[in-house]
Amino acid sequence: MALHETEALVLRTYNLGEADKIVVCLTQSAGLIRGVAKGCRKLRSRFGAALEPFTLAKINYYQKENQELVSISQAEIVKSHFDLSGNAETLTGLAYMGDLVVEFSPPYQRNEHLFRMVKACLAAICESQSDLQIILRYFEVWLLKLEGYLSDVRQCGECHHTFDENTPAFLNADLMFRCKLCSQGRGDVLSRRLQTQLRATQRLAPNVFAQESHTVPASIHREMAELTHKLIGRVLEKEPRLKSTFQSASHAGNPGA
């Protein structure tokens with residue numbers, strides 16, 4: 001029975017019995033894991049608040065061969081996000097992020113890029129909760145990209161011609177971005193302003209992307225939300241559980257545009 005130590009973002013918890021919890025985490029070293037934390041609901045639990053949803057913690061866990069659930073033996077808070085709990089919209093947005101990570105990520109498959117991206121998005125939301133919807137769009141694009149469901153938004157997936165302000169991009173049924181010639185004009189055409197937003201997600205950190213998106217017209221924020229919603233629906237073949245958060249982009253950016 002091997003002992004593992006890693007940083008982890010707590011995504012979900014479920015009560016188990018009278019004193020235990022099942023904890024779902026995105027870890028730096030092992031990807032998505034599910035574990036049992038025995039006694040963590042007791043008043044004087046050794047875990048304290050380290051296993052609350054959206055907490056960044058350093059955890060120790062044991063894993064037996066051929067068992068899906070690990071045994072979490074220790075957890076220490078690295079960064080608590082308890083200050084976000086007072087905003088219902090923010091909590092819904094974080095739960096939405098957690099849901100999508102669970103839906104998209106296979107268990108026990110290390111993806112350090114994904115871990116760092118989710119961690120950075122969470123930090124950006126802490127920095128500016130008013131930018132929640134913009135950061136969610138950033139998160140959706142990168143989740144699709146890192147899990148292999150979205151081609152490079154900066155160039156045609158076939159001829160590799162770089163998209164610019166004069167080159168329309170088309171999204172085809174296979175979720176690949178193509179130029180007009182390679183797509184033969186078929187698929188969903190993206191507005192040039194949306195293309196600029198998508199390319200910005202590839203070169204900017206989420207907090208900087210949010211700041212630079214303040215002057216983007218609300219219509220482009222809505223177009224981006226509609227695009228990511230469609231892509232995620234195609235991949236999952238179902239609607240996200242927290243659809244209301246997904247569609248609530250109308251206040252982002254400049255509402256007067």
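## Strands E1, E4 and E5

Ala57 stands opposite Ile77 in strand E5. This is a predicted model, and that residue pair is a good place to start looking around. Strand E4 (residues 56–63) and strand E5 (residues 69–79) run antiparallel, joined by seven bridges. The two strands form a hairpin with five residues between them. In the turn, Asn66 has a positive phi of about 70°.

Strand E4 also pairs with strand E1 (residues 2–16), again in the antiparallel sense, over eight bridges. Here His4 faces Tyr61, standing opposite that residue of E4.

## Two aromatic pairs

Now to the rings: the model holds two aromatic pairs. Phe104 and Tyr149 meet edge-to-face, with 5.7 Å centre to centre and 75° between the planes. This pair links distant parts of the chain, 45 residues apart: Phe104 belongs to helix H1 (residues 88–104), while Tyr149 sits in the loop between helix H3 (132–146) and strand E6 (169–171). Is each ring residue buried or partly exposed? Phe104 counts as buried because its relative accessibility is 6%, whereas Tyr149, at 35%, counts as partly exposed.

Tyr138 and Phe209 make up a tilted pair, with 5.5 Å centre to centre and 50° between the planes. Distant parts of the chain are linked here too: Tyr138 lies in helix H3 and Phe209 in helix H6 (residues 206–212), 71 residues apart. Tyr138 has a relative accessibility of 5%, so this residue counts as buried. Phe209 is buried as well, with a relative accessible area of 1%.

Technical notes. Residues are numbered from 1 along each chain as its sequence is written. This is a predicted model: local features need pLDDT of at least 70, side-chain atom pairs count only at pLDDT 80 or more; totals for chains, interfaces and linings use all residues. Side-chain values use heavy atoms; hydrogens and water are left out. Rings of Phe, Tyr and Trp (its six-membered ring) pair if their centres lie within 6.5 Å; planes under 30 degrees apart count as stacked, over 60 as edge-to-face and the rest as tilted. Helices (H or I, at least four residues) and strands (E, at least two) are DSSP runs, numbered from the N terminus. Buried means under 20% relative accessible area, exposed over 50%, partly exposed in between (1.4 Å probe, protein chains only). Two strands pair if DSSP finds at least two bridges between them.
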